[in-house]
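Visitor: I would like a close look at one part of this model, the charged side chains. Please say how they pair and how far they are covered.

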Amino acid sequence: MSTSEYSPGLAGVIAFETEIAEPDREGGSLRYRGVDIEELVGQVPFEQVWGLLVDESLEPGLPAAHCELDVRTGGPMSDLQAMLAILGGRWNLGQLIDIDDDTAKEDLRRLSAAALSIVAQSARGPDRPPVPEATVLEGETAAERFLLAWRGEVDERHAKAIDTYWICTAEHGLNASTFTARVVASTGADCGAALSAAVGALSGPLHGGAPARVLPMLDAVAALGDAERWVEQALARKERIMGFGHRVYRAEDPRSRLLKRTAKELGSPRVEVAEALERAAHEAIAKKHPDHSYTNVEFWSAIVLDVAQVPPALAPAMFACSRTAGWSAHVLEQKRLGVLVRPSARYVGPGARSLQSI
């Protein structure tokens with residue numbers, strides 16, 4: 001592609017070279033710095049996967065931390081976006097252009113750990129007293145500490161569901177929110193600004209909100225009792241069947257495969273309906289779009305998060321918790337690149353004209 005060729009949404013345009021993650025388009029696998037996520041799930045917790053992506057080492061990973069949520073906006077995503085920006089100022093974080101890599105890494109570590117705490121407290125709500133910090137820090141993993149800050153207790157099935165989900169969604173290349181983080185980092189802004197901006201990009205339903213729309217779809221299929229008929233009716237209404245197709249994978253999304261296995265292992269009561277819909281939708285969509293007929297990460301994410309009793313409205317914030325790993329790794333990579341991101345736009349508006357002609 002030439003530098004002057006137009007690509008809507010920058011589709012297919014290579015903007016960066018990265019060493020962080022490798023989605024295998026044809027092989028149906030995903031590797032974090034060369035390590036297949038199949039080897040990570042169930043072997044190391046999310047906080048060490050964060051370390052692998054950001055530090056290229058499982059240790060020290062993401063620290064145990066507790067951060068007071070003292071600003072509430074009315075929703076977990078806006079709470080998180082606001083608090084990350086606030087912490088950048090409150091902690092007097094240096095701008096990326098002025099600090100070294102180790103300082104930036106430590107800033108990202110603190111912010112990412114705080115993000116998990118913020119979302120958990122936001123989910124708990126303002127009407128319940130916060131769980132004491134000492135109780136929260138009794139959790140052995142990030143997922144356990146999240147549950148303690150949210151509910152005051154840990155269910156091991158729920159912790160496994162959350163940990164698996166976070167690992168599977170920790171990083172996936174140059175998506176909208178990651179690109180946003182890199183753009184902000186390229187300006188030399190502080191790490192709080194970069195992560196806060198990424199949360200804003202993730203809040204849109206086309207990027208981070210799809211899992212929230214899967215469970216109502218499964219409920220509708222269950223109520224009808226016929227997955228094939230539901231798919232036919234949905235397609236006839238020209239409705240989008242959420243959780244199918246991916247812009248990267250031409251076959252099965254490896255994250256979907258892992259999450260489906262986890263849903264079965266944890267005994268989700270929704271598996272039977274989900275598999276029926278998966279089969280029916282795959283067959284129907286494949287007739288027109290064979291490359292987009294497989295479930296993506298969002299479909300089975302919804303079922304796994306449901307095992308942990310995560311309400312659909314909280315799904316985007318759970319995604320943001322996991323994606324702090326990928327965002328942080330890309331912010332560091334962009335800092336080292338040291339280039340301002342500045343794409344071009346082709347003007348297609350009116351030619352020169354006078355003010356009187358308007």
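Guide: What follows goes through salt bridges, then charges on the surface and in the interior. The model is predicted, so local features need pLDDT of at least 70 and side-chain atom pairs count only at pLDDT 80 or more, while totals for chains, interfaces and linings use all residues. Residues are numbered from 1 along each chain as its sequence is written, and side-chain values use heavy atoms, with hydrogens and water left out.

A salt bridge is a side-chain nitrogen of Lys or Arg within 4 Å of a carboxyl oxygen of Asp or Glu. The structure holds 20 of them. One is formed by D101 and R336, N to O at 2.9 Å. It links distant parts of the chain, with D101 in helix α4 and R336 in helix α15 (residues 315-337), 235 residues apart. Helices here are DSSP runs of H or I with at least four residues, and strands are runs of E with at least two, numbered from the N terminus. For cover, buried means under 20% relative accessible area, exposed over 50%, and partly exposed in between (1.4 Å probe, protein chains only). D101 is partly exposed because its relative accessible area is 25%, and R336 is also partly exposed, at 46%.

R182 and E333 form another salt bridge, their closest N and O atoms 2.8 Å apart. R182 belongs to helix α8 (residues 176-186) and E333 to helix α15, so this pair ties together parts 151 residues apart in sequence. Both R182 and E333 are buried.

In the salt bridge between R255 and D253, the closest N and O atoms are 2.9 Å apart. R255 is buried because its relative accessible area is 2%; D253, at 1%, is buried too. Elsewhere, E38, K160, R257, R261 and E265 are joined into one network by salt bridges that share partners.

On the surface, E140, E153, D155 and E156 gather in a patch of negative charge. Patches are made of residues with over 30% relative accessible area and no salt bridge, like charges being joined within 9 Å and nonpolar side chains (Val, Leu, Ile, Met, Phe, Trp, Tyr) within 5 Å. E140 sits in the loop between α5 (133-136) and α6 (142-151), and its 68% relative accessibility is why E140 counts as exposed.

R109, in helix α4 (residues 101-124), has 9% relative accessibility and therefore counts as buried. Its C-alpha atom is 9.0 Å from that of W50, 59 residues away along the chain. W50 is among the buried residues of α2, which also include E47 and D55.

Key. Areas by Shrake-Rupley, 256 points an atom, 1.4 Å probe, with all protein chains shown as cover. Lys, Arg positive; Asp, Glu negative; His and termini not counted. Charge placed at Lys NZ, Arg CZ, Asp CG, Glu CD.
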